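This briefing introduces one protein chain to a reader who has not met it before. Please look over the sequence and the structure first, then read the points below.

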Amino acid sequence: MQADDDEIRAAGGYDHCWVLSRGETGEPRRAARLTSGDGDRVMEVWTTAPGLQVYTANQLDGTLSDPAGRPLRRHGAVCLEAQHLPDAPNRPEYPSPVLRPGETGRRRTEFRFPRPEAPDSVR
């Protein structure tokens with residue numbers, strides 16, 4: 001992980017909410033695309049939410065294990081959480097997360113796993 005940013009260095013990785021263009025939308029749009037180093041696996045996050053929290057397992061140190069007994073190590077995972085913007089109830093310029101009595105809140109988030117694109121030489 002490149003630590004050329006003071007906030008990234010201070011947090012030991014990413015723990016940031018990214019503001020998505022167009023804010024809150026009626027239909028999901030792509031907020032993130034992750035591709036494995038070998039290009040064999042792809043995951044996309046599509047959402048109607050105005051923000052995407054990205055956390056890179058900065059505090060894991062190997063003392064916890066997954067159900068199979070494998071240690072959970074620092075930066076061994078990435079978490080993507082569609083959400084409202086931090087401090088939104090106190091920021092009138094942000095989309096409001098407040099629901100009044102009788103109102104219904106709806107958000108949609110999809111995790112898609114498209115086929116990896118073929119290498120340029122195969123197309």
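Two strands count as paired if DSSP finds at least two bridges between them. With that in mind, Asp15 has Tyr55 in strand 4 as its bridge partner. The model is a predicted one, and the chain holds 1 helix and 6 strands.

**Overall make-up**

- Along the sequence, the elements follow the pattern α-β-β-β-β-β-β.
- The radius of gyration is 18 Å, well over the 14 Å that the globule rule gives for 123 residues, so the chain is more spread out than a compact globule.
- Taken along the principal axes, the box filled by the C-alpha atoms is roughly 50 × 45 × 35 Å.
- Of the 123 residues, 26% count as buried.
- The chain exposes about 8900 Å², and carbon and sulfur atoms supply 49% of that area.
- Among the contacts with a separation of 6 or more, 56% come from residues 24 or more positions apart.

**Confidence of the prediction**

- The mean pLDDT of the chain is 89, and 93% of the residues reach 70 or more.
- Confidence is highest in strand 6, at 97, and lowest in helix 1 (residues 6–11), where the mean is 81.
- Where pLDDT is low, predicted coordinates should not be read in detail.

**The sheet of strands 1, 4 and 5**

- One open sheet has 3 strands in the order 1-4-5, and the pairing is antiparallel.
- Strand 1 and strand 5 are the edge strands, each pairing on one side only.
- Neighbouring strands of this sheet are turned by 20 degrees against each other on average, direction ignored.
- Strand 1 and strand 4 run antiparallel and are joined by 5 bridges.
- Strand 4 also pairs with strand 5 (residues 79–83), in the antiparallel sense and over 5 bridges.
- On the strand 5 side, Gln53 has Glu81 as its bridge partner, while Val54 stands opposite Leu80.
- Strand 4 (residues 51–55) is largely enclosed by the rest of the structure, because 4 of its 5 residues are buried.

**His16 in strand 1**

- His16 belongs to strand 1 (residues 15–19).
- Is His16 buried or exposed? His16 counts as buried because its relative accessibility is 19%, and the cut-off for buried is under 20%.
- Leaving aside residues up to four places away in sequence, His16 touches Glu7, Ile8, Leu52, Gln53 and Val54.
- Two of these contacts reappear in the sheet: Gln53 is bridged to Glu81, and Val54 faces Leu80.

**The sheet of strands 2, 3 and 6**

- Another open sheet is formed by 3 strands in the order 2-3-6, with antiparallel pairing.
- Strand 2 (29–35) and strand 6 (109–112) stand at the edges with a single partner strand each, so one side of each is left without a neighbour in the sheet.
- In this sheet, neighbouring strands are turned by 15 degrees against each other on average, direction ignored.
- Strand 2 and strand 3 (residues 42–47) run antiparallel and are joined by 6 bridges.
- Within this pairing, Ala32 has Val45 in strand 3 as its bridge partner.

**The loop between strand 4 and strand 5**

- Ala57 is found in the loop between strand 4 and strand 5, and Ala77 lies in the loop between strand 4 and strand 5 as well.
- Ala77 touches Tyr55, Thr56 and Ala57, not counting residues up to four places away in sequence.
- The C-alpha atoms of Ala77 and Tyr55 are separated by 8.4 Å, with their positions 22 residues apart along the chain.
- Ala77 has a relative accessible area of 38% and is therefore partly exposed.
- Ala57 counts as buried because its relative accessibility is 3%.

**Backbone points to note**

- Most residues other than glycine have a negative phi.
- Ala57 has a positive phi of about 55 degrees although it is not a glycine.
- Arg22, also not a glycine, has a positive phi of about 75 degrees.
- Where is Arg22 found? Arg22 is in the loop between strand 1 and strand 2.
- At 63% relative accessibility, Arg22 counts as exposed, whereas Ala57 is buried at 3%.

Notes:
Residues numbered from 1 in each chain as written. Predicted model: local features only at pLDDT ≥ 70, side-chain atom pairs only at ≥ 80, totals over all residues. Heavy atoms only, no water. Helix = DSSP H or I, 4+ residues; strand = E, 2+ residues; numbered from the N terminus. Buried < 20%, exposed > 50% of the residue type's maximum accessible area, 1.4 Å probe, protein only. Contact = heavy atoms within 4.5 Å. Axes fitted to C-alpha atoms, helices over the stretch in contact; angles between N-to-C directions. Rg over C-alpha atoms; globule rule 2.2 N^0.38 Å. Areas by Shrake-Rupley, 256 points an atom, 1.4 Å probe, with all protein chains shown as cover. pLDDT = per-residue confidence, 0-100.
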